Amino acid sequence: VQLVESGGGLVQPGGSLRLSCTASGFTFSNYNMRWVRQAPGKGPEWVATINPTGGTSRYADSVKGRVTISRDNAKNTLYLEMTALKLEDTALYYCAFGGTLWSSDFIDRGQGTQVTVSS
């Protein structure tokens, strides 16, 4: 199993970023996929989950209305479109697969991509 995130970087408050996660080693289209973030000195925070077909998604209240999770099963790729970024969005963002739409558990995760929001 391999999950490789990309797209992170340094962005000013109010800016936007699009994160990607390319998966291999498992049948991507069979699994719920999620984004989780971890800020320095804090525990993991669930961000969003999407079901296998992409037809249903859930978001944490802290990001709802500002981020969109999506997937392209033909490309085995998961996305997170983030807008109106805030300082508190600074974190290591990683993708993970497995678990249910309503749980926080997962089977495996990637190494993550760093998002830094700073002026």
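In which loop is Asn-76 found? In this predicted model, Asn-76 sits in the loop between strand 7 and strand 8. Its backbone deserves a look, for Asn-76 has a positive phi of about 50° although it is not a glycine. Most residues other than glycine have a negative phi. With a relative accessibility of 27%, Asn-76 counts as partly exposed. A second residue of this kind is Ala-84, whose phi is near 50°, again a positive value in a residue other than glycine. Ala-84 belongs to the loop between strand 8 and strand 9, and its relative accessibility of 39% makes Ala-84 partly exposed too.

The two strands that flank Asn-76 can be followed into a sheet. Strand 7 and strand 8 pair in the antiparallel sense over six bridges, and one pairing within this ladder sets Thr-68 opposite Glu-81 of strand 8 as its bridge partner. The sheet is an open one of four strands, in the order 1-3-8-7, with antiparallel pairing. Strand 1 (2–6) and strand 7 stand at its edges; each has a single partner strand, so one side of each is left without a neighbour in the sheet. From one strand to the next, the twist averages 15°. Strands of a sheet pair through backbone hydrogen bonds, either parallel or antiparallel.

Next comes the interior. The largest nonpolar core has 28 residues, and those with the most contacts inside it are Trp-35, Leu-78, Leu-80, Met-82 and Tyr-93. At least two residues of this core come from each of strand 3 (17–24), strand 4 (33–38), strand 5 (44–50), strand 7 (67–72), strand 8 (77–82), strand 9 (91–97) and strand 11. Leu-78 gives a view of these surroundings: beyond the residues up to four places away in sequence, Leu-78 touches Leu-19, Ser-20, Cys-21, Phe-28, Met-33, Arg-34, Trp-35, Ile-50, Ile-69, Ser-70, Arg-71 and Cys-95.

Two of the residues touched by Leu-78 are Cys-21 and Cys-95, and these cysteines are joined to one another by a disulfide, with an S to S distance of 2.0 Å. The structure holds one disulfide. The bond links distant parts of the chain, from Cys-21 in strand 3 to Cys-95 in strand 9, 74 residues apart. The torsion about the S-S bond is about 55°, so the disulfide is right-handed. How much of each cysteine is accessible? Cys-21 has a relative accessibility of 0% and counts as buried, and Cys-95 is likewise buried, with a relative accessible area of 0%.

Another residue in contact with Leu-78 is Leu-19, which lies in strand 3. Leu-19 is buried because its relative accessible area is 0%, well within the cut-off of under 20%. Setting aside neighbours within four places in sequence, the contacts of Leu-19 include Ser-6, Gly-7 and Gly-8, together with Trp-35, Leu-80, Met-82, Tyr-93 and Val-115. Thr-113 is also in contact with Leu-19; the two are 94 residues apart in sequence, yet their C-alpha atoms are 8.1 Å apart in space.

Strand 11 (residues 113–117) also holds Val-117, a buried residue with a relative accessible area of 5%. Which residues does Val-117 touch, not counting those up to four places away in sequence? They are Val-11, Gln-12, Pro-13, Leu-85, Lys-86, Leu-87, Asp-89 and Thr-90. For Leu-85, 32 residues from Val-117 along the chain, the separation between the C-alpha atoms of the pair is 6.9 Å.

A polar side chain is buried as well. Thr-49 is placed in strand 5 and counts as buried, with a relative accessibility of 0%. Where does the side chain of Thr-49 make a polar contact? Its partner is the side chain of Arg-34, at 3.3 Å. Arg-34 also appears among the residues that Thr-49 touches, as do Asn-32, Met-33, Thr-56, Ser-57, Arg-58, Ile-69, Thr-100 and Leu-101, again not counting residues up to four places away in sequence. Met-33, Arg-34 and Ile-69 are listed for Thr-49 and are touched by Leu-78 too.

Notes. Residues are numbered from 1 along each chain as its sequence is written. This is a predicted model: local features need pLDDT of at least 70, side-chain atom pairs count only at pLDDT 80 or more; totals for chains, interfaces and linings use all residues. Side-chain values use heavy atoms; hydrogens and water are left out. Buried means under 20% relative accessible area, exposed over 50%, partly exposed in between (1.4 Å probe, protein chains only). Contact means heavy atoms within 4.5 Å. A nonpolar core is a set of buried Ala, Val, Leu, Ile, Met, Phe, Trp, Tyr and Cys residues joined through side-chain atoms within 4.5 Å. A disulfide is a pair of cysteine sulfur atoms within 2.5 Å. A polar contact is a pair of N or O atoms within 3.5 Å; within protein, one must be able to donate a hydrogen and the other to accept it, and residues adjacent in sequence count only if both atoms are side-chain atoms. Two strands pair if DSSP finds at least two bridges between them. Axes are lines fitted to C-alpha atoms, for helices over the stretch in contact, and angles run from 0 to 180 degrees between N-to-C directions.
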